[in-house]
Amino acid sequence: MNKNKAKIGVLLVNLGTPDSTKTGDVRKYLREFLMDGRVIDFPFIPRWMLVNLIIAPFRAPKSAKEYRKLWTDRGSPLLFHTEDLKEKLVKKLDMDKYEVEIAMRYQSPSIEEGLKKLNKANVKKIIVIPLFPQYASATNGSVVDRVMEIARTWQIIPNITFVNNFVDHPIFLEAWAELGKEMMEKEDYDVYLFSYHGLPERQIRKGSVDGYCQLSDKCCANYTKKNQFCYRGQCFHTTRLIADKLGLPEEKVVTCFQSRLGNDPWIKPYTEDLIKEMAEKGVKKVLVFSPAFVADCLETTIEVGEEYKEEFEELGGEHWDLVPSLNSRDTWVDCVKDMVESNT
């Protein structure tokens with residue numbers, strides 16, 4: 001290949017993580033994260049007051065303790081798994097054609113840093129892959145916002161392509177199916193629980209085409225052009241596709257939502273409510289998937305893997321097993337490689 005030929009830039013973007021487990025760094029992270037108008041979609045002044053006077057001051061010490069449970073010798077799992085993903089991806093791509101960088105939507109390494117490196121490399125095109133399988137305004141939409149906010153200041157803006165979602169990418173589904181099979185070889189389960197990060201119901205309705213969204217299981221039972229951008233609909237679609245690849249009985253498969261914040265109604269059913277219902281019904285063995293997350297993080301390892309497990313066992317459950325995230329698994333790397341090459 002002509003060494004003087006311009007390359008294509010690839011920017012892999014995950015959510016973000018505090019720089020350390022110190023309360024001050026966690027507070028800084030929470031402020032940046034929650035002040036995003038796509039995350040807490042309130043007008044600026046009430047959002048500022050809520051985040052800076054209530055949430056960040058009171059939540060940071062508790063969150064810092066949780067992050068200390070998560071942290072390893074390599075630091076934040078979400079960050080180093082994303083770094084490992086990049087390292088493996090670089091080995092599989094033709095690097096005469098590509099420049100690859102990673103970024104976090106909040107904190108370090110920033111999207112601005114990643115784009116600056118690609119711009120300095122004088123790439124002819126940039127492929128941005130937000131590492132969120134299901135589209136949501138608060139995640140994928142926020143990444144698009146930030147990328148364009150930065151790029152619009154450039155004198156020359158290259159072609160920029162965004163991967164909107166990869167909810168039904170066949171290699172993504174295969175990666176989850178592989179992980180599920182490995183867990184299922186060790187145990188027979190009564191229920192297969194698919195727990196996704198929740199969103200306020202109002203955000204789902206805001207994105208509804210012509211008020212189509214009904215926030216009901218009937219509405220989400222089919223994935224159509226009308227609800228293709230509905231986060232809840234995409235989550236149910238992901239569950240069906242993974243369950244189908246694993247041959248799971250429909251009556252044993254449940255989709256639910258975790259990580260609520262505040263008192264406004266969030267999309268249902270809530271994971272914590274289902275834990276109680278399962279215990280009351282005598283369910284003893286549960287295998288949990290978290291397909292909204294591609295890397296181990298606070299919401300998977302601690303919230304699902306420890307807190308929900310403890311709650312389930314206190315109510316009489318015997319086995320609560322969490323399927324690990326995709327992290328830098330080879331099949332997942334193949335999926336990202338395919339997304340890059342198919343958008344080249």
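**Exercise 1.** Is Gln203 buried or exposed at 13% relative accessibility?

*Solution.* The model is predicted. Start with the location: Gln203 belongs to helix α7, residues 201-206. Take the cut-off next: buried means under 20% relative accessible area. Gln203 has 13% relative accessibility, so Gln203 counts as buried. Now list the contacts. Leaving aside residues up to four places away in sequence, Gln203 touches Arg38, Val39, Asp41 and Ala138. Finally, take a distance. Phe162 is 41 residues apart from Gln203 along the chain, and their C-alpha atoms are separated by 21 Å.

**Exercise 2.** Determine what surrounds Lys125 and which polar atom lies by its side chain.

*Solution.* Place the residue: Lys125 is in strand β3, residues 125-130. Check burial and charge together. Lys125 is buried, yet has no salt bridge. The nearest side chain of opposite charge is that of Glu341, 13 Å away. A salt bridge would need a nitrogen-to-oxygen distance within 4 Å. Look next for a polar atom. The backbone oxygen of Asn343 is 2.5 Å from a polar atom of the Lys125 side chain. Then read off the contacts, again without residues up to four places away in sequence. Lys125 touches Lys7, Ile8, Gly9, Pro158, Asn159, Thr161, Asn343 and Thr344. Asn343 thus appears in the contact list and supplies the backbone oxygen.

**Exercise 3.** Work out the strand order of the open sheet that contains β7, and find its edges.

*Solution.* Four strands make up this open sheet: the order is β6-β5-β7-β8, with parallel pairing. Go to the edges. β6 (253-258) and β8 (319-322) each have a single partner strand, so one side of each lacks a neighbour in the sheet. Add the twist: neighbouring strands are turned by 25° against each other on average, direction ignored. Now inspect one pair. β7, residues 285-289, is joined to β8 by 4 bridges. Within this pair, Val288 stands opposite Leu322 of β8. Last, add the helix. Helix α6 (residues 170-184) lies across β5 (191-197), β7 and β8, and runs at about 160° to β7.

**Exercise 4.** How many of the residues of strand β2 are buried, and which strand do 8 bridges join to it?

*Solution.* Count burial along residues 98-106. In β2, 8 of the 9 residues are buried, so the strand is largely enclosed by the rest of the structure. Turn to pairing. Strand β1 (residues 8-16) runs parallel to β2, and 8 bridges join the two. Pick one bridge: Asn14 has Met104 in β2 as its partner.

Terms used:
Residues numbered from 1 in each chain as written. Predicted model: local features only at pLDDT ≥ 70, side-chain atom pairs only at ≥ 80, totals over all residues. Heavy atoms only, no water. Pairing = 2+ DSSP bridges. Axes fitted to C-alpha atoms, helices over the stretch in contact; angles between N-to-C directions. Contact = heavy atoms within 4.5 Å. Buried < 20%, exposed > 50% of the residue type's maximum accessible area, 1.4 Å probe, protein only. Lys, Arg positive; Asp, Glu negative; His and termini not counted. Polar contact = N/O pair within 3.5 Å; in protein donor to acceptor, adjacent residues only side chain to side chain.
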